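Here are some exercises to work through at your own pace, each with a solution set out step by step. Have your viewer ready, and try each task before you read on.

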Amino acid sequence: MATLQNIRTKAGLLVAIVIGLSLAAFILGDLLQGGSSMFQRNRLEVGVIDGESIQYPEFQQEVEELGEIFKQNYGQNQLDDNTWAQVREQAWQRKIAEIVMGEAYEDLGIEVSSEELFDMLQGSNPHQIVRQLFSNPENGQFDRTAVVRFLKNLETGMVAADQRAYWLNIEQQIVEERTQGKYTNMVAKGMYVTSEQAEASATAGNKSVNFDYIALPHNTVADEDVAVTESDLKEYYNAHKEDYESEASRRIEYIAYPVEPSEKDFADAEAWITDIKADFEETDNTIQFVDTNSDISFNDAWDKKDDLPEAVGNWIFDEGAEVGSVYGPYKDGESFTLVKLYKSEMMPDSVEARHILLQVTNQAEAILAQQLADSLKTMIDNGADFAELARTNSDDQGSAINGGDLGWFQRGQMVKPFENAAFNNTTDSVTMIATQFGIHLVQTTKRGKLTRQVQVAYLTRNVEPSTKTYQNVYAKASQFVGENPTAEAFNAAVSEQGLTKRVANVNENQRTIVGLEDARPLVRAAYEAEVDDILTNNQDSRIFELGDNFVIAILANKTEKGIAPFENVKARVELAVTKEKKAELLVEKAEAALNDNADLAGAAAALDTEVQTANAINFNSFSVPGIGLEPAVIGTVGALEVDEVSAPIAGNNGVYIVMPTAVNEGAGVDVAAEKMRLAQTNTYRVGSAVFNVFRNSVEIEDKRAKFY
């Protein structure tokens, strides 16, 4: 079902633009009006990074510049809301990196000289990005003259503004990457790996153990078999508070009034399509008629019986429908459809074809490619060898080596113009067509078995909520919120009316809520409200229009950044304490079994379980087959002698008793190779690790949610 925007008038887009501009002016006007300059700066503050205030105008300019780069990268004129969110996040992260690392680079005198930048852009060591941008499309080789020509045009103002901004962003990325690389390499050089470290690591990785074990999973103990008191929970919480540190969050409770088509909307849609049936039957321009009147454009696919809806397939292939006849209307979910048999032909299921591709990237190339294609087609029509011409002229190197041969293919495997040419050709005929890849000469060499295939024109009328339906649903939501202005009344009415109340826990910058479209206004409202408030939008309305829903919500709870209050995490604490209690009980049972039995088999029998086996486990293993991630088990096994039975081990998923049965020391270790491997690993980890250290050492306050 379409969103509510589909029932707006054509003036809706203009209104949205005007409202958007007015809203932006209102926000900035409100932020800039009155008060001292300090007060204004605080209101314009997007965030604070290591004491440096980030102001909205400057940050937004960076966002817009980065947005233009995204548009060029994705070949789009506009970005959707989700992509803009990515742009803002990337701009924010770049700002953090610039501030937290910039001081370190400056203190150490790390910079990229103009000579280095010249070398990376047009010198003997061009950066990989530059290589990719200025590679010759014919041979894939880097074209330094193209770089020089572009940079000269940049200096003389011959390059468009958007391309200039794009290039300057690339230069910035290259400089940032080189600067970071210098710092990373410097730190990595100080992370020396000793021979003793390398030998210990190589030995540990080379040694593997086979062992038998008994597993007593936590879930073998029923919850009611362990006693958990309130004091146990608080004691555990106080001892593990760092485990319950969390970001700020809000819990929203809400009801939604979905805007769905009414019975009258269905009746109106059915009446409309019934009335238009005669015109559909009589029209001579079926494609134009469908594209003008249907909610789904004409599709020129050729279908066999099994490709069609069952009733349509039976009507055409079993009941003998004639070309031009119309079936329906019939109801399909939230739409009504008429079907017209447009064409019927005996056509192959698949074809074998070959082609010559002449790639085109600009208008000048298009003219030359067309001239060459005309010449090649004339030569082929006069008897020239297609395969030889493909080998010497085709830009599709994958097929050119085989004389342009593409093998057998079915419909749907090639782009549409190419598919149409290949399937409509007679054997050995050549057709010239253009696609997004360039100009093709297509020759069909073999045609598969002929079967009856049809083109069907579907005239579809989607059932949309009418303006009246929209107004009726809004009236219900308005009545509810008018009669229940408090959280207490809200909850009571939800219960009395049997409505479905939903819950969402959201963080400050969250943009989505499952089941709701465009939920950002609801999230922002939650962070501007107090507990038990009914949320209001920026138009001071307590009804949010989110996609196809009218939503009414209350703020049920809020948690600020830091250690979560005991009551908020009580359920999690109870799970952890219950797990500990079960482990204690299982350890006692295991110890008793070991005291009464000298071997593992006897202990297993006493515990009413079986001895299991794991092979080739070493210190580099992440998990044990059959029991999962259990580092305590892996560490214990590696320290025991063969046939030595361990004490009970409290693990992540249960309690275990282990006994090594064999130890394989492996071949001689290569200490030098391991030393190199560890050094490389350190180098790979340095970049992110160093940044995280610097980032965690400064205070970062993110206030973007006020603006976006």
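**Exercise 1. Locate N682 and describe its surroundings.**

Solution. Start with the secondary structure: N682 sits in helix 24, residues 671-696. Helices here are DSSP runs of H or I with at least four residues, strands are runs of E with at least two, and both are numbered from the N terminus. Next, take the cover: the relative accessible area of N682 is 19%, so N682 is buried. The cut-offs are under 20% for buried, over 50% for exposed and in between for partly exposed, with a 1.4 Å probe and protein chains only. Finally, look for neighbours: once residues up to four places away in sequence are set aside, N682 touches M191 and V193. A contact means heavy atoms within 4.5 Å.

A word on the ground rules before going on. This is a predicted model, in which local features need pLDDT of at least 70 and side-chain atom pairs count only at pLDDT 80 or more, while totals for chains, interfaces and linings use all residues. Residues are numbered from 1 along each chain as its sequence is written, and side-chain values use heavy atoms, with hydrogens and water left out.

**Exercise 2. Do the same for T179.**

Solution. First, T179 belongs to helix 8, which covers residues 161-189. Second, its relative accessible area is 9%, which makes T179 buried. Third, leaving aside neighbours within four places in sequence, the contacts of T179 are Y105, I110 and V112.

**Exercise 3. Describe the overall form of the protein, starting from its helices and strands.**

Solution. Begin with the inventory: the protein has 24 helices and 20 strands. Then compare radii: the radius of gyration is 35 Å, well over the 27 Å from the globule rule for 708 residues, so the protein is more spread out than a compact globule. The radius is taken over C-alpha atoms, and the rule is 2.2 Å times the number of residues to the power 0.38. Along the principal axes, the C-alpha atoms fill a box of roughly 90 × 75 × 70 Å.

Now turn to packing and surface. Of the 708 residues, 38% are buried. Among contacts between residues at least 6 apart in sequence, 69% join residues at least 24 apart. The protein exposes about 39,800 Å², of which carbon and sulfur atoms supply 49%; accessible areas come from the Shrake-Rupley method with a 1.4 Å probe, and for residues only the protein chains shown count as cover.

**Exercise 4. Which strands pair with strand 8, and how?**

Solution. Check the cover of strand 8 (residues 350-359): eight of its 10 residues are buried, so strand 8 is largely enclosed by the rest of the structure. One partner is strand 9 (residues 405-410), antiparallel and joined by five bridges. Two strands pair if DSSP finds at least two bridges between them. Within this pairing, V351 has F409 as its bridge partner. Another partner is strand 11 (residues 438-447), also antiparallel, over nine bridges. Here I356 stands opposite L441.

**Exercise 5. Trace the pairings of strand 5 and place F550.**

Solution. Strand 5 (residues 249-258) has seven of its 10 residues buried. With strand 15 it pairs in the antiparallel sense over 10 bridges, and E253 has I554 as its bridge partner there. Five bridges join strand 5 to strand 13 (residues 502-506), again antiparallel, with Y254 partnered by R502.

F550 lies in strand 15, residues 549-559. At 1% relative accessibility, F550 is buried. Its C-alpha atom is 9.8 Å from that of L516, which is 34 residues away along the chain.

**Exercise 6. Examine the backbone at D428, D518 and the bond from G328 to P329.**

Solution. Recall the background: most residues other than glycine have a negative phi, and most peptide bonds are trans. For D428, phi is positive, near 75°. D428 is in the loop between helix 17 (416-424) and strand 10 (430-435), and is partly exposed at 47% relative accessible area.

For D518, phi is also positive, about 50°. D518 is in the loop between strand 13 and helix 20 (520-526), and is exposed at 54%.

Last comes the peptide bond: from G328 to P329 it is cis, with omega near 10°. P329 is part of strand 6, residues 326-331.
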